[in-house]
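Student: Could you take me on a close look at a single part of this chain, the stretch around one of its loops and the strands beside it? I would like the overall setting before the detail.

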Amino acid sequence: MAPVALEAPQRFDRKLTARRLLITSAQNATPVHAGLWAALRVAAKHLRAELVVVPLRYRNPTSQWTQSQDTDEWWAPEVVPYLCNTRQRLGPHLVLAADVKTQPTARDPLAGFESLTGGESCLIGHTKMALRSVPVPSGRTPKILSTTGACTVPNFTDTKAGAIGAFHHYLGAVVVELDGSRFHLRQLNADRETGEFIDLATLYTSAGVRKAPPALGLVMGDTHARFACPAVDRATFGPAGIVDVLNPRTLVWHDILDGYSVNPHHHGDPFIAAAKSRAGLGDVRAEVEHAVRFVADRTRGRQSVLVDSNHGDFLARWVRSTDWRHDTRNAAFYLETARVLLESATMTGGGAEYADAWAYWVAQLRGDANIRCLGRNESLVLGESEVGMHGHRGPNGARGSLRNLSRLGSRVISGHSHTPGVCDGHYQCGTSTPLRLEYTAGPGGWLNTHCAVYATGARALLTVIDGAWRLD
């Protein structure tokens, strides 16, 4: 098909009314990825979704597809009927800011847009995949900012910015499902060669639709078993829940043990101590047993992997810093744990080491369930993603963050912050607890978000909103 030249600025004011949309972007003067475009058309029909393309502009004097970008503006003819470049309210709390043009080479395409669209979540067309949860005042659902990915092939200058833009070029789209006053958002990450992609349990190709293989894994938002939200638990493990639909081979858990009974931040607070005593939450063994049982009951023949996390370390911190003689209720458990740590203590080439108290008790209590704990620096790779880092430790001793863990040279899926995000190669999960806990104050950006790792290695964030995780 011949390119379609358009007089700039052209207004593509489509009225978007569907409950389900597939939203992507297209760079000017650039052909579509044929396989991806065909697969998107197949998916739109199968999902009864409206296909939307946000047009982007980028001047590339080294492009092999145009010699007249200074004077002409054109988009691949396939996408022209689907273009939208006006601001659209998709639902009560979601806006498509298709009128915003961000350079495809932008390192952080969401920077500065936190207040755009006020308190409503916002989608911005861009060739990179990025997502950010913006804190909001108490009582409101956090605002999500997200880009869309692109359906056109990489087309960048031969500069440093162009090379980085090409590397992070995300072939795909986002699925938006409008469900009353809430919405569901997830990423479609296409294969760079074929353009095919998985969405939940379905594989979409240029030739049609078929059932996807079981997911490689599901990395869950921090669990904190003592405070796990029942609605999130049902959405994850109940009938027609995320695990039921994706059938993941491996479940990856962060912060299973909350450590509330031994929380070091409670030290010296007699009122929290009184509340815990009245509620029966001061029994350390009981909390550890509950956390292990929580995982075992949900493993159900799969493999469960427990990532080394900061709350799990509360147990060893308790042994190191307290006197068992002042807590006779927990004395026996304390002394047994201390004995294990003492007997395991040894010198290595890198210094002193001793057993992980939480991992020891998981091994003692897991029964026949296929559960294992990762060591402090132990790696676990699903597809091409490193899932063995909790997120509290960053490079070279720094505190971990969405940004610094995106610079490791490998894909990463982490937890810890309770705030979902996507930054370059780093996908960050949220939490499985209520969005407000005892230690949260002020504006909050927590969300109940897991990360699926599909059979292809592609990743997608899945967020539970008011107990629902997708449009039925």
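Tutor: Gladly, and let us start with the whole chain. Its secondary structure comes to 9 helices and 27 strands, where helices (H or I, at least four residues) and strands (E, at least two) are DSSP runs numbered from the N terminus. The radius of gyration is 24 Å, close to the 23 Å that the globule rule gives for 472 residues, so the chain is as compact as a globular protein of that length. That radius is taken over C-alpha atoms, and the rule is 2.2 Å times the number of residues to the power 0.38. This is a predicted model, in which local features need pLDDT of at least 70 and side-chain atom pairs count only at pLDDT 80 or more, while totals for chains, interfaces and linings use all residues. Residues are numbered from 1 along each chain as its sequence is written, and side-chain values use heavy atoms, with hydrogens and water left out.

Along its principal axes the C-alpha trace spans about 80 × 50 × 40 Å. Of the 472 residues, 57% count as buried, meaning under 20% relative accessible area, with exposed over 50% and partly exposed in between (1.4 Å probe, protein chains only). Among contacts (heavy atoms within 4.5 Å) between residues at least 6 apart in sequence, 67% join residues at least 24 apart.

Now for the part itself, the loop between β23 and β24. His416 lies in this loop and has a positive phi of about 80° although it is not a glycine. For background, most residues other than glycine have a negative phi. At 25% relative accessibility, His416 counts as partly exposed.

Thr419 is found in the loop between β23 and β24 as well. Leaving aside neighbours within four places in sequence, Thr419 is in contact with Ser133, Gln428, Cys429, Gly430, Gly445 and Trp446. One of these partners, Gly445, is 26 residues from Thr419 in sequence and 5.9 Å away in space, C-alpha to C-alpha.

The contact with Ser133 leads us to β8, which covers residues 131-134. Two strands pair if DSSP finds at least two bridges between them. Strand β8 is joined by 2 bridges to β24 (residues 421-423), and the two run antiparallel; here Leu131 stands opposite Val422. With β9 (residues 143-147), β8 pairs in the antiparallel sense over 4 bridges, and Leu131 stands opposite Ser146 there. Leu131 therefore has a partner named in β24 and another in β9, while in a regular strand the side chains alternate between the two faces of the sheet.

On the other side of β23 (411-414) in sequence is the loop that links β22 (385-386) to β23, and Val387 lies in that loop. Val387 is buried, with a relative accessible area of 0%. Apart from neighbours within four places in sequence, Val387 is in contact with Val219, Val252, His254, Val307, Leu380, Leu382 and Ile413. By contrast with its contacts, Cys373 is 14 residues from Val387 in sequence and 13 Å away in space, C-alpha to C-alpha.
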